[in-house]
Amino acid sequence: MYTLAVCAEMVFGDLPVHERARRIHDAGFQVEIWDWTRHDLTALVRSGAAFSSMTGYVRGSLTDPDGADELLRTAAESVRAAERLGCTRLNLHGTGLDGEGLPVTAVTGEATGPMWIAARRTLSRVADLGERSGVVFTLENLNTAVDHPGVPFAKAADTLALVAAVDRPGLRMNLDLYHAQIGEGNLIELVRRAHGLGLIGEIQVADVPGRREPGTGEINYPAVAVALTDLGYDGTVALEAWASEDSDLALERFRTAFTP
């Protein structure tokens, strides 16, 4: 059975992040955070939460030499922060982060052939770092229609292709079904394809439209849960969604959707 986690950045917004982590932990979920440099790591450790994922870089990009070097440098810093939290999965977007810890919107558009080659080279270096450090980096798909216009390699198919091209245990895919629904749809088949290749490091969920908890939009998440169970997926499913009403209610709706 898969593990359920909740992103602390998006629920219990009136509380400090370490208190959000404690609330999520007390509700029976693991915890995810974004940019670790914005948080008090000591307070997070003291929360008692189990941390399933965090952002694995601070600056940098996949496709230019200087940006790749900066991504690797800040990824190494992130590994040290992850060790303090006991977190073994670190997330990547490859576009740098803004002041809220979110991926920077780019203006690159479609990736060129040389950009694909450069991204694969950078991600191979990332995989090296992950394997040396005993962690897994996950590359997340994004959407360009609503949240991240201009970001290259945004589609789930592109992200999956890059991870498959590297084909290393230190790099897996963070399959975000909210972003994939906006960008591509056909979610269950997408999950089956990625799982069949053995490349899923994590699955993130939110409903469409609105990026809120399951049951508030058009995605049939109970059907996704059944498909995951049938596939024997035993990784993490994480709620990365804004609470539509009460945060406790959002967590319960998430739990219900993924209890087939």
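## A tour from Tyr57 outward

Start by selecting Tyr57, which is buried, with a relative accessible area of 0%. Bear in mind as you click around that this is a predicted model. Tyr57 sits in the loop between strand E3 (51-55) and helix H3. Now add Ala75 to the selection and draw a C-alpha to C-alpha distance: it comes to 4.3 Å, although Tyr57 and Ala75 are 18 residues apart in sequence.

**Next stop: H3 and H4**

Ala75 is a handy way in to the next pair, as it is one of the H3 residues that meet H4. Show H3 (residues 65-85) together with helix H4 (residues 113-133). How do these two pack? Their axes are 10 Å apart, at an angle of about 20°. That angle is under 35 degrees, so H3 counts as roughly parallel to H4. If you look at the handedness, H3 passes H4 in a right-handed crossing.

For the side chains, select Ala68, Asp69, Leu71, Leu72, Ala75, Ala76 and Val79 on the H3 side. Facing them on the H4 side you'll find Thr122, Arg125, Val126, Leu129 and Ser133. Colour that contact by class and you get eight nonpolar, two polar and two charged residues.

**Into the core**

Now pull up the largest nonpolar core, a set of 78 residues. Which residues have the most contacts inside it? Pick out Ile33, Phe137, Leu175, Val237 and Phe258. H3 turns up again here: with seven residues, it supplies the largest share of this core.

Leu175 deserves a zoom. Leaving out residues up to four places away in sequence, Leu175 touches Asn141, Ala156, Leu190, Val191, Ala194, Ile200, Glu202, Ile203 and Gln204.

**Over to H7 and H8**

Keep Val191 selected, since this neighbour of Leu175 also takes part in the contact of H7 with H8. Show helix H7 (residues 187-196) and helix H8 (residues 221-231): the axes are 10 Å apart and the angle is about 25°. That makes H7 roughly parallel to H8, and the crossing is right-handed.

From H7, select Ile188, Val191, Arg192 and His195; from H8, take Ala223, Val224, Ala227, Leu228 and Leu231. By class, this contact has seven nonpolar residues, one polar and one charged.

**Backbone oddities in the loops**

Stay with H8 for a moment and step back into the loop between strand E7 (200-205) and H8, where Pro209 is found. Is the peptide bond from Val208 to Pro209 cis or trans? It's cis, with omega near -5°. Most peptide bonds are trans, and most residues other than glycine have a negative phi.

With that in mind, there are two phi values to check. Go to Phe12, in the loop between strand E1 (3-7) and helix H1 (17-26). Phe12 has a positive phi, near 50°, and isn't a glycine. Is Phe12 buried or exposed? Its relative accessibility is 6%, below the 20% cut-off, so Phe12 counts as buried.

Finish at Asp167, in the loop between helix H5 (156-166) and strand E6 (171-176). Asp167 isn't a glycine either, yet its phi is positive, at about 55°. Turn on the surface here: Asp167 is exposed, with a relative accessible area of 55%, whereas Phe12 is buried.

Note on methods: Residues numbered from 1 in each chain as written. Predicted model: local features only at pLDDT ≥ 70, side-chain atom pairs only at ≥ 80, totals over all residues. Heavy atoms only, no water. Core = buried A, V, L, I, M, F, W, Y, C linked by side-chain atoms within 4.5 Å. Buried < 20%, exposed > 50% of the residue type's maximum accessible area, 1.4 Å probe, protein only. Helix = DSSP H or I, 4+ residues; strand = E, 2+ residues; numbered from the N terminus. Contact = heavy atoms within 4.5 Å. Axes fitted to C-alpha atoms, helices over the stretch in contact; angles between N-to-C directions. Parallel < 35°, antiparallel > 145°, perpendicular 65-115°, else oblique. Left-handed = near helix turned anticlockwise from the far one by under 90°. Nonpolar A, V, L, I, M, F, W, Y, C, P; charged D, E, K, R; others polar.
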